[in-house]
Amino acid sequence: MLESKHIRLTGIFIVFTFILWLLLTSTTSSGCSANTNKQSGEGRSAADLYENYCASCHGMYMERFAGEDRQAMFELPQNEMERIIREGDYKTGMPAFGDVFSEEEITAVANHILTDIKNDANAHEYRPGFPEVVQTDKLAFRIDTVASGLGIPWGMAWLPNGDLLVTERSGELFRFRDKTFEGMIDGVPEVYARGQGGLLDIKLHPNYNENGWIYLAYSEQEGNGGNTAIMRARLYGNALIDKEKIFKAQPNTRSGVHFGCRMAFDEDNYLFFSVGERGRPANAQDLSNHCGKIHRIHDDGRIPEDNPFVDNPDAMPSIWSYGHRNPQGLVFHPETGVLWETEHGPKGGDELNIIRKGDNYGWPEITYGINYDGTIITEDTAKVGMEQPVIYWTPSIAACGMAFADAETYPQWANSVFSGSLSFRYVVRTQLDGNEVVKDEIMLREAGRVRSIETGPDGYLYIGVENPGYVFRLIPVN
């Protein structure tokens, strides 16, 4: 169990330690010198380097890569793996470590990935067995698997007849009925399947029974790059028809990271959704582009007249809030109607936020995280006019997927928000008192890289995990 004050103090201590280290070694806040970094790394083992610099993104067993992608990565030649570590890769968002690792360390880390981690990954059980009854602080439950055979189940939605629709990041939309695969949905938009891009979130219109609209978020290629898009369509049999693209983020970029995108409807049927800053931090503070923002539009894509920047000729009119890095959790509180969000920080500083109209959430001007190579992004964690997170996680949990527990189904979890962890392969239950965090409880350790969490029409919490991909729900036990 993690206490919120402890998490905040941990983050402050880490940042202070790095600042002190930088002062003592005469480096700058923009980055450490190559010689200093390499000298400071003498005697560091390949396993320690991988765990400290790589595992927060890739996982201890390279879980970020699914199926064939993981095997292809393990088959890379040694010199190519060394080049990627040294130079990075813009398309996939891999940072360069040539100024952080010595050449000997680069060779050792590459060899460690291609031998030790490869062997461990092939032997690792990615779906460990759970006890028949899982006991947590306040509630016992059993796990009921409702969908399997997936890779990266990014989003979930339910049709009125109870059928479950699951988006696969690679670009497929699956339909399950009574825990059985029913078929694939045709007519899904072609996705820009690069890095973290692909077919992302799915939502049904609140008035689906009357209008039949289904909303899909995805990465779309345009020219030599791409960005996040949203389409709505109707379902006829197992095919999408009446397809309309209602949003496309600008500018396009070849970067393969930080697409967002979670969607949420409010009680007035406005559609809110997130777009990441696409690996360019400055985008988040620049109102002239869509990236690093939460947006609000009508259900047909029109811009609401009361959006906060609609009268600013230099701003994108769909913007609701800005200063975000890569939000992959977005949900309205079922009782208060307040919009909550989780977003990925860099190395440390993942955030849980309350999203308010027109507010600036600070990235990259303020952050509780640091660069993946250990250098300081900014010494500031607070500035006037920039919002503070309700809580932040250091080390990063890589927050993805988010849902509030249904108070009738889980009275012991009333006013609790659930967040998935990609890095640590568990679920975090954040207990709230009003809008204040009481505590965090870690649940379902080693469940898998948790990609999606939703409250189903039956009131149960549904959790989608990766590698292998499956969806399960939590059934309370009296």
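This is a short walk through one protein chain, from its overall make-up to two cores and a sheet.

Okay, hi everyone. Before anything else, please keep in mind that what you see on the screen is a predicted model.

Let's start with the whole chain. There are 478 residues, and 57% of them count as buried. As for secondary structure, we get seven helices and 25 strands. The chain exposes about 19600 Å², and carbon and sulfur atoms supply 48% of that. Now take the contacts between residues at least 6 apart in sequence: 58% of those join residues at least 24 apart.

Right, on to the inside. Which residues have the most contacts inside the largest nonpolar core? They are Ile 85, Phe 97, Phe 101 and Ile 113, and that core has 24 residues. If you want to find it by helix, look at α3 (46–58), α4 (67–74), α5 and α6 (103–123), since each of these elements gives two or more residues to it. The top contributor is α6, with seven residues.

Let's zoom in on Phe 97. Leaving out residues up to four places away in sequence, Phe 97 touches Tyr 53, Ile 85, Arg 86, Tyr 372 and Asp 373. And there's a second, separate core, with 20 residues, including Ala 403, Phe 418, Val 465 and Tyr 470.

Now let's go back to helix α5, residues 78–87. Met 81, Glu 82, Ile 84 and Ile 85 are buried there. Why do they sit on the same side of α5? Because they cover an arc of only 160 degrees around the axis. Ile 85 should ring a bell, as one of the residues with the most contacts inside the largest core. Just after α5 comes Gly 88, and its phi is positive, near 75 degrees.

Last stop, a sheet. A quick reminder for the first-years: strands of a sheet pair through backbone hydrogen bonds, either parallel or antiparallel. The one I picked is an open sheet of four strands, in the order β11-β12-β13-β14, and the pairing is antiparallel. Which strands are at the edges? Those are β11 (263–265) and β14 (319–322), and each pairs on one side only. On average, neighbouring strands in this sheet are turned by 20 degrees against each other, ignoring direction.

In the middle of that order, β12 (residues 271–275) and β13 (residues 293–297) pair over five bridges in the antiparallel sense. To see one of them up close, click on Leu 271: its bridge partner in β13 is Ile 297.

That's my tour, thanks!

Technical notes. Residues are numbered from 1 along each chain as its sequence is written. This is a predicted model: local features need pLDDT of at least 70, side-chain atom pairs count only at pLDDT 80 or more; totals for chains, interfaces and linings use all residues. Side-chain values use heavy atoms; hydrogens and water are left out. Two strands pair if DSSP finds at least two bridges between them. Axes are lines fitted to C-alpha atoms, for helices over the stretch in contact, and angles run from 0 to 180 degrees between N-to-C directions. Buried means under 20% relative accessible area, exposed over 50%, partly exposed in between (1.4 Å probe, protein chains only). The arc is that of the directions from the helix axis to the C-beta atoms. A nonpolar core is a set of buried Ala, Val, Leu, Ile, Met, Phe, Trp, Tyr and Cys residues joined through side-chain atoms within 4.5 Å. Contact means heavy atoms within 4.5 Å. Accessible areas come from the Shrake-Rupley method with a 1.4 Å probe; for residues, only the protein chains shown count as cover.
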